[in-house]
Amino acid sequence: MRSAHPALRHVILMCPAMNLIDASALESLEAIADRLRAAGVGFHLSEVKGPVMDALKRSDFFEHFKGQVFLSQFEAVRVLASGTEAGAPATASLPLSPARHGLTQPVRRVS
């Protein structure tokens, strides 16, 4: 994956259409996270609904998950593009150029 898109640094999975997550979906999510981590790409979640977050917390998902969970897709892109940690304000002087930060692929909703 990294060789096909060397500038790719982060993948953000938007989750607003997910109302629940079962064991099969959880395994798939963990496999995606593992493959991206092995390729040197960050994997993050945004807009996760309460019941889904509760299910993820009950599992061991967050023991292995290295990414961040964001309340909104906008916040995810803002934080990852600016290089700041979650919860920290972005530097006002830092331009939010998606291409500069490896966010060149169009955002696609998967429902």
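1. A good place to start is a single pairing: Leu13 has Leu45 as its bridge partner in strand 2. Likewise, His10 is matched in strand 2 by Gly42. In total, 5 bridges join strand 1 to strand 2, and the two run parallel. Strands are counted as paired if DSSP finds at least two bridges between them.

2. Before going further, a word on what you are looking at. This is a predicted model, in which local features need pLDDT of at least 70 and side-chain atom pairs count only at pLDDT 80 or more, while totals for chains, interfaces and linings use all residues. Residues are numbered from 1 along each chain as its sequence is written, and side-chain values use heavy atoms, with hydrogens and water left out.

3. Now the overall plan. The protein has 4 helices and 3 strands, and from the N terminus on they follow the order β-α-β-α-α-β-α. Both kinds of element are DSSP runs numbered from the N terminus: helices are H or I with at least four residues, strands are E with at least two. Of the 111 residues, 32% count as buried; buried means under 20% relative accessible area, exposed over 50%, and partly exposed in between, using a 1.4 Å probe and protein chains only. Among contacts with a separation of 6 or more, 62% come from residues 24 or more positions apart, a contact being heavy atoms within 4.5 Å.

4. The sheet is open and has 3 strands in the order 1-2-3, with parallel pairing. Strand 1 and strand 3 are its edge strands, each pairing on one side only. Helix 4 packs on this sheet and touches strand 1, strand 2 and strand 3, its direction making about 170° with that of strand 1. Such angles run from 0 to 180 degrees between N-to-C directions, with axes as lines fitted to C-alpha atoms, for helices over the stretch in contact.

5. In a regular strand the side chains alternate between the two faces of the sheet. Strand 1 has His10, Ile12 and Met14 on a covered face, and Val11 and Leu13 on an uncovered one.

6. How many residues of helix 4 are buried? The helix spans residues 73-82, and 7 of its 10 residues are buried. These are Gln73, Ala76, Arg78, Val79, Leu80, Ala81 and Ser82. Their cover includes strand 1 (10-14), strand 2 (42-46) and strand 3 (69-70). After helix 4 comes Gly83, with a positive phi near 80°.

7. Two sequence neighbours are worth a look together. Ser46, in strand 2, is buried with a relative accessible area of 0%. Beyond its neighbours within four places in sequence, Ser46 is in contact with Ile12, Leu13, Met14, Cys15, Phe70, Ser72, Gln73 and Ala76. Glu47 lies in the loop between strand 2 and helix 2 (50-58) and is partly exposed at 23%. Its phi is near 55°, a positive value in a residue other than glycine.

8. Finally, the inside. There is 1 cavity of 30 Å³ or more, where a cavity is a set of points on a 1 Å grid over the protein atoms alone at which a 1.4 Å probe fits but cannot get out. Points are joined across faces, edges and corners, and the volume is the space filled by probe spheres set on them. The largest cavity holds about 30 Å³. Its lining residues, those with an atom within 4 Å of a point, are Cys15, Met18, Ile21, Leu29, Leu45, Val48, Val52 and Leu56. The lining divides into 8 nonpolar, no polar and no charged residues; Ala, Val, Leu, Ile, Met, Phe, Trp, Tyr, Cys and Pro count as nonpolar, Asp, Glu, Lys and Arg as charged, and the others, Gly among them, as polar.

Notes
1 Å grid on protein atoms, 1.4 Å probe; cavity = no way out; pocket = protein on both sides within 12 Å on 5 of 7 lines; lining within 4 Å.
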